[in-house]
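Student: I should like to go through this structure and ask, for each label, what justifies it.

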Amino acid sequence: MSTFVERINQADLWLLDRVFQPVSDRLPEKLPSAELGMSLQLGAIVFFLAAIVILSISGYASIGDSVFNILNWVLFVAFYLAIMRMRGLVKPGQANPLRSMLFGMRPLNVGFLIYSLWVGVTGNGALMLASLFMIVSNMIFTMGLYFVSCQPRPPVRRRSQSRVELRPIMGGLRD
């Protein structure tokens, strides 16, 4: 009988291997999954900042709430920069070390995504725009984590562009 944590880890690996890895394998050669994941995380940072600005401008966030949200945004940026520095470890044809490094982070973000969906559904109408930005931010950040964790494709073998063509030598032997 498996424990609750083992079931969460199995669900995480199932989601990674059965949903995101096949999508990653079908991406164009010029767009590896690590690049797509980093772009999604950067988009999440922008959406989160937009939600903070909406809350601050509309007057729904107090000074303490705004400081808390800005500190959360700084943590988002720090995490993005840390993954950006570790992205050099991902090499084509080798196992992705970020897959195991982000093992606990992926299910945690799925939990935050579910929580933000619940808050967005049960929230009042005045905060729906900020909630929408938070939901989109959490969703694309989670997707970015999963794409960064995907195994890279092996390097593609390049075929020689030049073909050798054999021609008879002038003045050579005749049949």
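Tutor: The dialogue below treats confidence, fold, salt bridges, burial, pockets and annotation in turn.

Student: What kind of model is this, and what is its mean pLDDT?

Tutor: The model is predicted. The mean pLDDT of the protein is 85, and 87% of its residues reach 70 or more. Among the elements, α1 has the highest mean pLDDT, 93, and α5 the lowest, 88. Where pLDDT is low, the predicted coordinates should not be read in detail.

Student: How many helices and how many strands does the protein have?

Tutor: There are six helices and zero strands. Read along the sequence, the pattern is therefore α-α-α-α-α-α.

Student: Why is the contact between D12 and R106 called a salt bridge?

Tutor: The closest N and O atoms of D12 and R106 are 2.9 Å apart. A salt bridge requires a side-chain nitrogen of Lys or Arg within 4 Å of a carboxyl oxygen of Asp or Glu, so the pair of D12 and R106 qualifies. D12 belongs to helix α1 (residues 4–25) and R106 to helix α5, and the two are 94 residues apart. Both D12 and R106 are buried.

Student: How many salt bridges are found in the whole structure?

Tutor: The search finds three. One of them joins D17 and R99, with the closest N and O atoms 2.7 Å apart. Because D17 lies in helix α1 and R99 in helix α4 (residues 97–101), the pair ties together parts that are 82 residues apart in sequence.

Student: What makes D17 partly exposed, and how do you know whether R99 is buried or exposed?

Tutor: D17 has 34% relative accessibility, and partly exposed is the class between under 20% and over 50%, so D17 counts as partly exposed. R99 has a relative accessible area of 16%, which is under the 20% limit, and therefore R99 is buried.

Student: What makes the contact of R87 and E35 a salt bridge?

Tutor: The side chains of R87 and E35 meet at 3.3 Å, N to O. The cut-off is 4 Å, so this contact satisfies it. R87 lies in the loop between α3 and α4 and E35 in helix α2, so the pair ties together parts that are 52 residues apart in sequence.

Student: Which accessibility class holds R87, and which holds E35?

Tutor: At 24% relative accessibility, R87 counts as partly exposed. E35, with a relative accessible area of 33%, is partly exposed. Each value falls between the 20% and 50% limits, which means that neither residue is classed as buried or as exposed.

Student: Why is L145 called buried?

Tutor: L145 lies in helix α6. Its relative accessibility is 0%, which is under 20%, so L145 counts as buried. L145 and R106 are 39 residues apart in sequence and 6.5 Å apart in space, C-alpha to C-alpha.

Student: How do you know whether V148 is buried or exposed?

Tutor: V148, in helix α6, has 2% relative accessibility and so counts as buried. The C-alpha atoms of V148 and L98 are separated by 7.2 Å, with these positions 50 residues apart along the chain. Of the 175 residues of the protein, 30% count as buried.

Student: What is the volume of the largest pocket, and which residues lie closest to its centre?

Tutor: The volume is about 860 Å³. Of the 26 lining residues, the closest to the centre are F48, N69, N72, M134 and N138. The elements that give two or more residues to this lining are α2 (33–58), α3 (63–86), α5 (105–122) and α6 (128–149).

Student: What makes up the lining of the largest pocket by class?

Tutor: The lining has 18 nonpolar, seven polar and one charged residues. F48 and M134 are among the residues closest to the centre, and Phe and Met count as nonpolar, so these two belong to the nonpolar class.

Student: What are the volume and lining of the second largest pocket?

Tutor: The second largest pocket has a volume of about 320 Å³. Its lining comprises 19 residues, and P32, S33, P92, P152 and R153 lie nearest its centre. By class, this lining divides into 10 nonpolar, four polar and five charged residues.

Student: Which residues does UniProt annotate as "transmembrane region"?

Tutor: The unreviewed UniProt entry gives this annotation to residues 40–61, 67–83, 103–121 and 127–148. In the model, residues 103–121 are 89% helix and 0% strand, with the end C-alpha atoms 28 Å apart. Residues 127–148 are 95% helix and 0% strand, and their end C-alpha atoms lie 31 Å apart.

Note on methods: Residues are numbered from 1 along each chain as its sequence is written. This is a predicted model: local features need pLDDT of at least 70, side-chain atom pairs count only at pLDDT 80 or more; totals for chains, interfaces and linings use all residues. Side-chain values use heavy atoms; hydrogens and water are left out. On a 1 Å grid over the protein atoms alone, a cavity is a set of points where a 1.4 Å probe fits but cannot get out, and a pocket is an open set with protein on both sides within 12 Å along at least five of seven lines; lining residues have an atom within 4 Å of a point. Grid points are joined across faces, edges and corners, and a volume is the space filled by probe spheres set on the points. Helices (H or I, at least four residues) and strands (E, at least two) are DSSP runs, numbered from the N terminus. Buried means under 20% relative accessible area, exposed over 50%, partly exposed in between (1.4 Å probe, protein chains only). UniProt positions are given in the numbering used here, feature names are shortened, and annotations may be inferred rather than shown by experiment. pLDDT is the predictor's confidence in each residue, from 0 to 100.
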